[in-house]
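Me: I'd like to go through this model piece by piece, starting with one of its sheets. Could you take a look at it with me?

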Amino acid sequence: MKGSTYRRCYCRDPHTGKPLGKSCPKLTTRKHGTYSVRQELPQRPDGTRRAFNRAGYTTLKDAQTDLDRIRALLGIPDADDPEGIEQITDLLERIADEKAPLPDVDEVRRRFRSGQDLTGRLTVGEWLDIWLKGKKGRQSAISRDERSIRVHLKPRIGHLRLDRLRVAHLSDMFEAIAEANVEIAESNAARRRAINELAQVPWKGREERARRKEMKAALTQMQPFRHTVGPSTCQRIRSTLRAALNSAIAQQLITFNPAAHVELEAGRRPKAQLWTEERIARWERTGEKPSAVMVWTPRQTGAFLDHAAGDRLYGLFHLIAFRGLRRGEACGQLWTDTKLADSLITVAKQLVVDGWEVYEDDPKTDAGARTIAVDSETAAVLERHRAQQDKDREEWGDGWVETGRVFTAENGAWLHPAKVTRRFNELREEIGLPPIRLHDLRHGAATLAHAAGADLKDIQEMLGHSSVTITADTYTSLLPETDLAIAEAAARLVPRAHRAALGVKAADAGPKLGDDADLPSEKSVPDRADRLGEISEIDERSAHASLTQTAPDDESEAA
């Protein structure tokens, strides 16, 4: 294909105003005008011609160097590789249109042979959009990735070239998020102070009303309350980016994943804590919860269930409180998977919220699909619920929506999980119980089962966890009464000659030296399951404490 270099200037005829071009008499001077290159490119599929044109070279040598590089690029694909020829031609056309510098021939050859993008100009934001569009999996997980991309990744690093993304860029991004957290915390504190000051201004009086008006106007100019980005959220942001970059590596767009090497603070799961009297008193004074995950005591759980006993959703709250179903699992439970005659329920479906839309999905994990036993009282509660549902079906007649769900809206339609949470909060506030999330009833179920003698493996299967580590680290809190019983039993295992001098009654003393000290009797180590019976406050204060059950036996687990 033809190619050439030539020199021209932009002088114009003073009379006609037309460019002189090659007829300019000054072109005989070497320093007058500039050099240009023109290289014919392979024709388009429709047969039309195309060429690479570039002007503005100050010397012939520079023009010839670029012309040689263009020809070298055209020589990369074989003559019998029309697809490869088209790729190189498209690359040269884009470079000419954008007036971009010519790429290194060896780098283009490497990318061409490995099947990578030849331009290397794909941005992080463009790739994240491509990756998200082709992502498969649960809609809830896709929505979570979309939020991370939209809120954090594209605004901060979306403009960077994908092949030039480095660990330093990500470190700067997370540092900027940390700095924004400080600003958000200060803004929230300022707004909270302004609201408290407004609450102290009297309503009566002209001056007070004018002052309140000014303060309200100032509040409207302030930033609304915002959430800070915690360590766990940062870990999710990195996880989304790491998955997207791994996909880019698989498609040979890049060779290095910087998200796998950026250092972040560990996102630890919050430890569940019980609402003791001391913690309640502090919460009432300061409004601060000791932990993001709080658990009611058996007395508090019983008080809530007693109050909610007449509510249409009582059976749902009861089931979560004692068998630890997730909110979506309880809303999605089917009557066909509920075998009350056998005291068994199978968790096979859940209702998931995406934005505000609700859709049906499988349980959260493979372990989430499980069969668990229910005690006789819970079975009776569900039987009463079914009888009431049958009456509702008759009353609604043709307006009844048959979904086959255990818990439904008034007309039989799907329950919206968010509305269930709202109703739970309303019932809790009505009797002034300390705040917990609806999901924290699940933590409470694990705590009760643990106190009743179930081991961690039993609780893991009941809750549908994929790992017993999650159960141990997050979902079990030790009841104070159970903790005391364990402490007393442990102390009695050690024989002491001077126990009486420590103020311990003789009847409480452990085995004496010479007696079978190394083999404690059964009385010195009370059975774990029996200790719950020693918690007098459960039986005295809660009508539902007797529903706390031990782990299912081997036969019911196998069923």
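Me: In what order do the strands of the β6-β7-β10 sheet pair, parallel or antiparallel?
Reply: This is an open sheet of 3 strands in the order β6-β7-β10, and the pairing is antiparallel; strands here are DSSP runs of E of at least two residues, helices are runs of H or I of at least four, and both are numbered from the N terminus. Two strands count as paired if DSSP finds at least two bridges between them. The edge strands, each pairing on one side only, are β6 (338-339) and β10 (370-373).

Me: Before we go on, what kind of model is this?
Reply: It is a predicted model, in which local features need pLDDT of at least 70 and side-chain atom pairs count only at pLDDT 80 or more, while totals for chains, interfaces and linings use all residues. Residues are numbered from 1 along each chain as its sequence is written, and side-chain values use heavy atoms, with hydrogens and water left out.

Me: Ok, and how many bridges hold β7 to β10?
Reply: Strand β7 (residues 344-347) is joined to β10 by 4 bridges, and one of the pairs sets Ile 345 against Ile 372 of β10. On the β6 side, 2 bridges link β6 with β7 in the antiparallel sense, and there Ile 345 of β7 is the bridge partner of Thr 338.

Me: Which residue in the β6 and β7 hairpin has a positive phi?
Reply: That is Ser 343, with phi near 60°, in a hairpin that has 4 residues between the strands.

Me: Switching to the β1-β2-β3 sheet, which strands are at the edges?
Reply: The edge strands are β1 (3-8) and β3 (50-57), in an open, antiparallel sheet of 3 strands with the order β1-β2-β3. The twist averages 20° from one strand to the next, where axes are lines fitted to C-alpha atoms (for helices, over the stretch in contact) and angles run from 0 to 180 degrees between N-to-C directions. Strand β2 (residues 34-41) pairs with β3 over 7 bridges, and Glu 40 has Ala 51 of β3 as its bridge partner.

Me: What packs on that sheet, touching β2 and β3?
Reply: Helix α2 (residues 82-98) does, its direction making about 35° with that of β3; contact means heavy atoms within 4.5 Å. Helix α1 (residues 60-74) lies across β1, β2 and β3, and runs at about 15° to β2.

Me: And how do α6 and α7 pack?
Reply: Helix α6 (residues 167-200) and helix α7 (residues 206-221) pack at about 160°, with axes 10 Å apart. That makes the two helices roughly antiparallel. Among the residues making the contact are Arg 191 and Leu 198 of α6 and Arg 212 and Leu 219 of α7.

Me: How many salt bridges are there?
Reply: The count comes to 27, a salt bridge being a side-chain nitrogen of Lys or Arg within 4 Å of a carboxyl oxygen of Asp or Glu. In one of them, Glu 146 meets Arg 150 at 2.9 Å, N to O, and both lie in helix α5 (residues 139-157), 4 residues apart, about one turn of the helix.

Note on methods
Parallel < 35°, antiparallel > 145°, perpendicular 65-115°, else oblique.
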